[in-house]
Amino acid sequence: MKFLIGLMSVLFSFHFSWANSPFENMEGYKNSLGFSKFYSQQNPGRRLKVAVLDKGFHGYQREIGRTLPAGTRYVPGPVATPENQNVEHGLKMAQILISLMTDDMRATQWMPELTLYNVFGYSNFKAAIDDILTQKVDLVLYSEVWEYGGNFDGTGFINNEVNRATRNGVIWVNAAGNFALTTYNAPIHTVKDEWVQLPDQNNALAIRCENRNVKCPIKVVLSWNDFKNDVELGTDKDLDLALTDDLLNIVQVSSLKQSKDPQENRPGYSKYPREIISAELSQGLYFLRVKNRSQNFSNRDQLRITVDGEFIVMPSHSQGESILNPADNTTVITVGASDSERSSVSFSKDKPDLLAPSSIRVANGGEYRGSSNSAAMVAAGLGLLKSQEPRMTRKDLLDAVSSKYSWEQRGLSLNLLGFGPTGPGCFIDVIYNPAPGYIRDVLSKGGVLVETTAAVRVMVPFDPLVIAPHLRRNLLNDMIVALPQGGYAIYPRRAMIPAGAVEIFQRPLEAGLCRPTPVNGKNFHL
């Protein structure tokens, strides 16, 4: 079950302050997510040790003492990053985290102890975890995923490193990733001429660049499930990857020779079961094809293709299974974006563990969404709780911010639902007496019939899949519908539903009811 973060149900309070945030909508999130309540008194607890892991913190030096704590420590790692690696992603994640953990309206009283770790490459990633354990870090924010290194089941050498941290009590918050629409999973079934069977014409996987103005930069990663927990161990199972145009002319290939030799470093060879292509595509249709070079795969072997890039469409993407490692690790807290259809999910692993909004607005008018931002927001809230109660475990924290039946839990954004309230920023409830029999069960569980800009629907204070656990969404904004003949069904957001059927939706981020609603004996104005 996926839940939105809802800190207002937690009764602890804090007093923090800090400089103005570089983001325009942080104050709104402090109020809507309940962070404001944490700034009312000085924190009596210990100083929290927080680490942000990322491939780039470009510009962090000038932000120390401004939007980052004065004592912020930067650990570059043993392997230098490329000189042109001017990535700001990690800096932005740290700024979101600190902005939400602190109050910029009062004098500084408390500040988490922040360390920034450059984890560009596996060696730096491992070294960061070594230092995290030495420094006894309390909470890690990692707003990235790896397109290779795992076996789609929580194993592999990346997750093996993460397990070292979580086994020692580190709370690890990981972004779900943004590959929901550009991931394809399949068994490795070989057909004519050693080509692996893929779903589109010519045993290929179709992708499109839909940007008319400029080219689409893309990164394509093919991986298969033969990664070991030991990074030194290789594989002799060998696939190649080809990118072609719509006439099957080769645009680019990746054809490394996979090897089990632990000392393998020859050009053209790799220990790891992965192939990578980076390219810039003009507008149009392209195909990805996979060649079986080693002919030693079994019916237990699986492949995964992920494509990273703007304006890229993959019609045959795998719905419901797009969580990459280490977000697929059962010991981490995986966070998805409730307002982005690209946010990755895994129905088989019941991931992400939490959903939160992600929209971040910056001073130049730009807006950015994705699970990275959501993970930073959630990490801030969990950090506040952990600071007050250092003994809180992963389960304790999830229990504290999750509730199946609280009106403070909020679902998708209205822009994903595709309809809105008819009241002044709130939904007006309607009375049917008696209510139709097929919605009485959901009404008895706290649902309320409301007017919307599309039709009357039932709004509930929980994910509606709670009452229909046998159903599974393909996309985050799929509709859960009560059927006139009884029972529930799922339909795509834009689909026609049967006459008389009624959608059941969770209270959205931006709007609740236009009247106070009793919850557990207390009145909360929604």
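**Surface, burial and cavities**

Colleague: What share of the area that the protein chain exposes do carbon and sulfur atoms supply?

Modeller: The model is predicted: local features need pLDDT of at least 70 and side-chain atom pairs count only at pLDDT 80 or more, while totals for chains, interfaces and linings use all residues. Residues are numbered from 1 along each chain as its sequence is written, and side-chain values use heavy atoms, without hydrogens and water. Areas come from the Shrake-Rupley method with a 1.4 Å probe, only the protein chains shown counting as cover for residues. The protein chain exposes about 22,100 Å², and the part from carbon and sulfur atoms is 49%.

Colleague: How much of the protein chain is buried?

Modeller: Buried means under 20% relative accessible area, with a 1.4 Å probe and protein chains only. Of the 526 residues, the buried part is 57%.

Colleague: What is the volume of the largest cavity?

Modeller: A cavity is a set of points on a 1 Å grid over the protein atoms alone where a 1.4 Å probe fits but cannot get out. Points are joined across faces, edges and corners, and volume is the space filled by probe spheres set on them. Four cavities reach 30 Å³ or more. The volume of the largest is about 70 Å³.

Colleague: How many charged residues line the largest cavity?

Modeller: Lining residues have an atom within 4 Å of a point; here they include H317, E341 and N474. Asp, Glu, Lys and Arg count as charged, Ala, Val, Leu, Ile, Met, Phe, Trp, Tyr, Cys and Pro as nonpolar, and the others, Gly among them, as polar. Beside seven polar and four nonpolar residues, the charged count is one.

Conventions:
Buried means under 20% relative accessible area, exposed over 50%, partly exposed in between (1.4 Å probe, protein chains only). On a 1 Å grid over the protein atoms alone, a cavity is a set of points where a 1.4 Å probe fits but cannot get out, and a pocket is an open set with protein on both sides within 12 Å along at least five of seven lines; lining residues have an atom within 4 Å of a point.
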